[in-house]
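Trainee: Please take a close look at one part of this model, the packing of two helices against each other. I would like the contact described first and then its surroundings.

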Amino acid sequence: MAIQKGDFIKLNYTGKFEDGKIFDTTDEELAKKEEIFNPSGLYGGDVVIVGAGHTIEGLDEDLEGKEVGYSGSVVISPEKAFGLSNPKLVETISITKLKDRNVHPGLPVEVDGRRGVVSRVIGRRVTVDFNSPLAGKTVTYEYTIEKVLETEVEKIQGLLALYTGLRDLEIETADGVAKIYIPTGLTFNQRWLMAKNRVASELFKYADFKEVQFIEKVTAESETQIPAEPEVKAEAESESKPETEESSEPEV
């Protein structure tokens with residue numbers, strides 16, 4: 001059966017720039033080889049809902065109509081990838097606003113909570129580009145549709161992994177109600193606080209649940225390891241494009 005909007009699918013992919021450089025992948029060994037491995041990321045494939053904005057627009061659109069097991073590639077223009085560069089996000093500031101005064105072009109910096117890259121230094125004035133490093137880039141995604149998730153538990157666990165980095169949480173479902181048992185430490189995790197309402201709303205919309213219960217669970221066993229707070233990734237900082245690895249929203 002052809003993939004359609006609303007399907008929960010498991011997707012493996014690799015994203016490349018036009019020069020062939022890999023910037024994202026669900027393949028752990030390839031990530032290590034390309035020196036883009038994130039020790040706090042999940043590898044082995046992402047679960048996404050087709051049409052829900054879990055991945056960039058061009059890839060999301062290309063998934064529709066394909067069959068399970070399909071492998072192929074798609075070239076995506078900036079408009080349907082990570083957006084065009086916005087000249088308004090290129091700013092010239094005083095070097096005194098930077099913690100490190102030993103600046104040079106290409107240096108990543110943070111100014112007033114915003115991350116950017118130094119593009120030019122003239123005297124004590126510094127030009128910083130606050131655009132995503134992926135903005136304005138044409139990219140190619142090679143991908144494989146591994147499976148369509150059918151069971152309620154699979155769908156919930158897939159969403160939780162996508163949004164929180166946690167797999168195999170205890171879940172119960174019955175009569176349109178989903179019960180998700182949360183380790184106590186997770187209730188104080190900023191990533192979780194940002195994600196749980198999104199998880200619930202997507203289960204209502206795409207999996208026909210009427211109620212989602214988040215139940216804090218305390219056991220005498222050793223604490224469940226909670227993922228570190230996600231770093232802000234260049235390719236996943238629009239709310240409609242989740243990254244494979246770390247964001248309050250999913251990115252691919």
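Mentor: In this predicted model, helix H3 passes helix H4 in a right-handed crossing. H3 covers residues 152–164 and H4 covers residues 190–207. The angle between them is about 145°, and their axes lie 9 Å apart. From H3, the residues that take part are Ile156, Leu159, Leu160, Leu162, Tyr163 and Thr164. They meet Arg191, Trp192, Ala195, Arg198, Val199, Glu202 and Leu203 of H4. By type, the residues of this contact are nine nonpolar, one polar and three charged.

Several of these residues recur in the nonpolar interior. The largest nonpolar core holds 24 residues, and Phe8, Ile156, Leu160, Ile180 and Leu203 have the most contacts inside it. Two or more residues come from each of strand S3 (46–49), H3, strand S11 (177–183) and H4. H4 supplies the largest share, six residues.

Leu160 can serve as a single example. Apart from neighbours within four places in sequence, Leu160 is in contact with Trp192 and Val199, and also with Gly165, Leu166, Leu169, Ile171 and Ile180. A second core, separate from this one, has 21 residues, among them Val48, Val139, Tyr141 and Ile145.

Elsewhere in the chain, four strands form an open antiparallel sheet in the order S5-S8-S7-S6. Strands S5 (90–94) and S6 (108–111) are at the edges with a single partner strand each, so one side of each has no neighbour in the sheet. Within this sheet, S7 (residues 114–122) and S8 (residues 125–129) pair over five antiparallel bridges, and Ile122 stands opposite Arg125 of S8.

Key
Residues numbered from 1 in each chain as written. Predicted model: local features only at pLDDT ≥ 70, side-chain atom pairs only at ≥ 80, totals over all residues. Heavy atoms only, no water. Pairing = 2+ DSSP bridges. Axes fitted to C-alpha atoms, helices over the stretch in contact; angles between N-to-C directions. Left-handed = near helix turned anticlockwise from the far one by under 90°. Contact = heavy atoms within 4.5 Å. Nonpolar A, V, L, I, M, F, W, Y, C, P; charged D, E, K, R; others polar. Core = buried A, V, L, I, M, F, W, Y, C linked by side-chain atoms within 4.5 Å. Buried < 20%, exposed > 50% of the residue type's maximum accessible area, 1.4 Å probe, protein only.
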